[in-house]
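The following exercises, each with a worked solution, concern protein–DNA surfaces, a chain–chain interface and sheet topology. Please consult the sequence and the coordinates while working through them.

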Number of protein chains: 2
Amino acid sequence: MPATPGPLTNELLAALPESQWSRWQPFLLEVDLPLGHVLYESGGKMSHVYFPTTGIVSLLYVLEDGGSAEIAIVGNEGLVGASLFMGGLSTPSRAVVQSAGKGDRLKADLMMEEFNLAGPVLHLLLRYTQALITKMSQTAVCNRHHTLDQQLCRWLLLSLDRLQGNELVMTQDLISNMLGVRRDGVTDAAGNLSKDGLIRYKRGIITVLDRLGLERRSCECYAVVKKEYDRLLPATVAH
Amino acid sequence: MPATPGPLTNELLAALPESQWSRWQPFLLEVDLPLGHVLYESGGKMSHVYFPTTGIVSLLYVLEDGGSAEIAIVGNEGLVGASLFMGGLSTPSRAVVQSAGKGDRLKADLMMEEFNLAGPVLHLLLRYTQALITKMSQTAVCNRHHTLDQQLCRWLLLSLDRLQGNELVMTQDLISNMLGVRRDGVTDAAGNLSKDGLIRYKRGIITVLDRLGLERRSCECYAVVKKEYDRLLPATVAH
DNA sequence: TGGCGTCCGTGCGATAGCGCACATATTGCC
DNA sequence: GGCAATATGTGCGCTATCGCACGGACGCCA
C-alpha cells in the first residue's frame, strides 16, 4: 500500500525502498509531539528514533549557565536520534518539540538491525546526517557573523519549510532560546520585520506575509543549507 | 608489525583492528601538510581521505563576504574527508592546514570498499563522525555565548592537544580567521592571557606557560568536547 | 647595514546585543 | 467582568566587539 505523499509524510521514510518500508510499517507507531515535550535529554539514552511528520523538533544545546542555542531544526524532512546509529547512543544535546504535531517512532533495536545490514537504509541515513552536519556548521558561522534580523529570517524560513500554511505558533521567548539571544532582541528584530510588512506578530502567532522578502533579508545561510539538503536528499519518488 | 603508538600515529588508524590495518598499510601514503595547504575546497570532489599525524587541519566555513569561521579542528585524533563516506562526496566547507606536519592519505575508493563491508571500520568512523558533530555543535553555541578570551583559550587548548610540546606556530591573523573575529580582537585577548602569565607571544610563536590556567579560563566547551570524544573513542590498545 | 614585508600593539568612535526594569496588551480562567 | 498569567513593547546604561588607522617591532635578505 503506497503511503500518501505530501507534507504529512516523513520524507526519509518516504525515501525508503519498498521492501524496507513494508518491513518497518507494522512497527512504526504514530505519536503526539506536544509543544515543549522533550524527546531526549542531553546525555540520556535513546530508546526510539523519531520521524516527525507534522511536528517540528529542535536540537538544543544547553550550557552550564543556562544559556542555550539551537544547533539544528528537524521536521518531516528528517529524523531525531541520529546519534543512535552513529554509535554513540547519546549526545550532549537536547531534543525539544518546537511546534506541536505528530511523528512516527521506531524502536531503537529495530532500526539498528536494518542499519547494520549496510543496505540502502544505511546510506540514506548517512546522507541525511551529512545534511545535518551542514546545518550545524552553518549555524556556527551564522552565530558569529550575521545580525539578529538576518538570523531571525533564516530561522523563520527553516521553520516555515517544515509546516503547512504560513503561520507559526511561537512566542518570542521561545525563539530567543532557540537563537540563543535575549527575548528583547527578538522583539526588536521581529518589530523590524513587522514594520517592513514581512510578518505579522500576534501574541504567539507569527504570520508570514512576504516569504520572498524574508528570503531576501535572510543571510545566505538559509539558501546554503537548503541547497545542500536538496543535493544530498533529492526528492525521491514515493514508493 | 605493530605501529609505534604515541602522538606521531594517527589514532583512528591505530584503533583499526589488526586485519584491517594490514590490508590498508600498503596503500597508506605519507604526505606533507604544509601550512596553508588546502586539502579540499568547498564543494570540491575528494579523491583521498587524510589521517593527520603531526599536522593539524582546520575545517573552515567561508561566507560570501569573505568572513570565515572554523567549525572543527582535526589532528592525529581524526580524519579529513568524512563527507566522503557519509555519502555526500563533498561539503560546503574548506579544509586548510593550520599547522604544518605530516599525514597519511588513502584513496577514496579503497576506503569506501572497506566502509561498505559494514564491519568495524564503519562503526569506528561513524563514532568519530559523531564526535565531530559534537565539536561543531559546541562551536556554534560557543560562538554565541562566550567571550573572545574564553574562545581563544578553548582554541589554544584544542590545538595544543594535537601537537607535541607547548608551542604553537600561529599568527594572530590566522587565529582571527579561525575564530571568525578581527585580528585586533585576538591581539587584545592574547594580551590578556599574556598579562596573566598564561602564554607568551612572540611574532607568530605562542608558548603556553600555564596550561591549567588556560583550562580554568576557557569556557566549558573545551571540556565538553574532550569528554565526549573520550567517551566515543576511548583510547584503544594499539595493534 | 639598511630596507622592506610581516606581525603585533594601541587608540577611538560606532554599534549590536546584553541586562534590567517597567509599562502595556492579550488571553484564559473563575 | 475581574484577575492572574503570559506575551509583547520600550527605555537606558553597559560592554564586547567592530572598523579603521597608525605606529612600532621584528626578521629576512640583499
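Two strands are taken to pair if DSSP finds at least two bridges between them. The model is a predicted one.

**Exercise 1. Determine the strand order and the pairing sense of the four-stranded sheet of chain B.**

Solution.

Step 1. Identify the order. The open sheet runs S2-S6-S4-S5 in chain B, and its pairing is antiparallel.

Step 2. Locate the edges. Strand S2 (38-40) and S5 of chain B each pair on one side only, which makes them the edge strands.

Step 3. Determine the twist. From one strand to the next it averages 35°.

**Exercise 2. Follow the bridges across this sheet and name a residue pair for each pairing of S2(B), S6(B), S4(B) and S5(B).**

Solution.

Step 1. Begin with S2(B), which is joined to strand S6 (residues 94-99) of chain B by two bridges in the antiparallel sense. Here B:Tyr40 lies opposite B:Ala95 of S6(B).

Step 2. Continue to strand S4 (residues 56-62) of chain B, where six of the seven residues are buried. Five bridges connect S4(B) with S6(B), and the two strands run antiparallel. B:Leu60 has B:Arg94 in S6(B) as its bridge partner.

Step 3. Finish with S5(B), which is joined to S4(B) by six bridges, again with antiparallel strands. B:Tyr61 stands opposite B:Ala69 in S5(B).

Step 4. Inspect the connection. S4(B) and S5(B) make a hairpin in which five residues lie between the strands. In the turn, B:Gly66 has a positive phi of about 95°.

**Exercise 3. Describe the three-stranded sheet of chain B.**

Solution.

Step 1. Write down the order. This open sheet reads S8-S10-S9, with antiparallel pairing.

Step 2. Assign the edges. They are strand S8 (167-169) and strand S9 (199-202) of chain B, each of which pairs on one side only.

Step 3. Give the twist, which averages 15° from one strand to the next.

Step 4. Examine one pairing. S8(B) and strand S10 (residues 205-208) of chain B are antiparallel and share three bridges. Within S10(B), B:Thr207 is the residue opposite B:Glu167.

**Exercise 4. Establish how chain B is related to chain A.**

Solution.

Step 1. Superpose the copies. A turn of 180° and a shift of 0.0 Å along the axis lay chain B on chain A with an RMSD of 0.0 Å.

Step 2. Interpret the operation. The two copies are therefore related as by a two-fold rotation axis.

Step 3. Find the C-alpha of chain B nearest the axis. The C-alpha of B:Ala140 holds this position, 1.8 Å from the axis.

**Exercise 5. Characterise the side of chain B that touches chain A.**

Solution.

Step 1. Count the residues. In chain B, 35 residues are in contact with 35 residues of chain A.

Step 2. List the elements supplying at least two residues. On chain B they are strand S5 (68-74), helix H3 (82-86), helix H5 (120-145) and helix H10 (220-232). H5(B) gives the most, with 15 residues.

Step 3. Classify the residues of this side. There are 14 nonpolar, 16 polar and five charged residues.

Step 4. Compare the two copies. Since 100% of the interface residues of chain B are also interface residues in chain A, the copies meet through the same surface.

**Exercise 6. Which residues are closest to DNA strand D, and which to DNA strand C?**

Solution.

Step 1. Take DNA strand D, which is surrounded by 17 residues. The closest are A:Thr171, A:Gln172, B:Leu148, B:Val181 and B:Gly185.

Step 2. Find the contributing elements. Helix H7 (172-179) and helix H8 (183-195) of chain A, with helix H8 (183-195) of chain B, each supply at least two residues of the surface near DNA strand D. H8(A) gives the most, with four residues.

Step 3. Take DNA strand C, around which there are also 17 residues. The closest are A:Leu148, A:Val181, A:Gly185, B:Thr171 and B:Gln172.

Step 4. Find the elements here. H8 of chain A, together with helix H7 (172-179) and H8 of chain B, give two or more residues each to the surface near DNA strand C. H8(B) gives the most, with four residues.

Step 5. Classify the residues. The surface near DNA strand D has four nonpolar, seven polar and six charged residues. For the surface near DNA strand C, the division is four nonpolar, seven polar and six charged.

Terms used
Residues numbered from 1 in each chain as written. Chains lettered and ligands numbered in written order. Predicted model: local features only at pLDDT ≥ 70, side-chain atom pairs only at ≥ 80, totals over all residues. Near = placed C-beta within 6 Å. Nonpolar A, V, L, I, M, F, W, Y, C, P; charged D, E, K, R; others polar. Contact = placed C-beta atoms within 7 Å. Least-squares fit on C-alpha atoms with pLDDT ≥ 70 in both. Axes fitted to C-alpha atoms, helices over the stretch in contact; angles between N-to-C directions. Buried ≥ 20, exposed ≤ 12 C-beta atoms within 10 Å, placed from the backbone.
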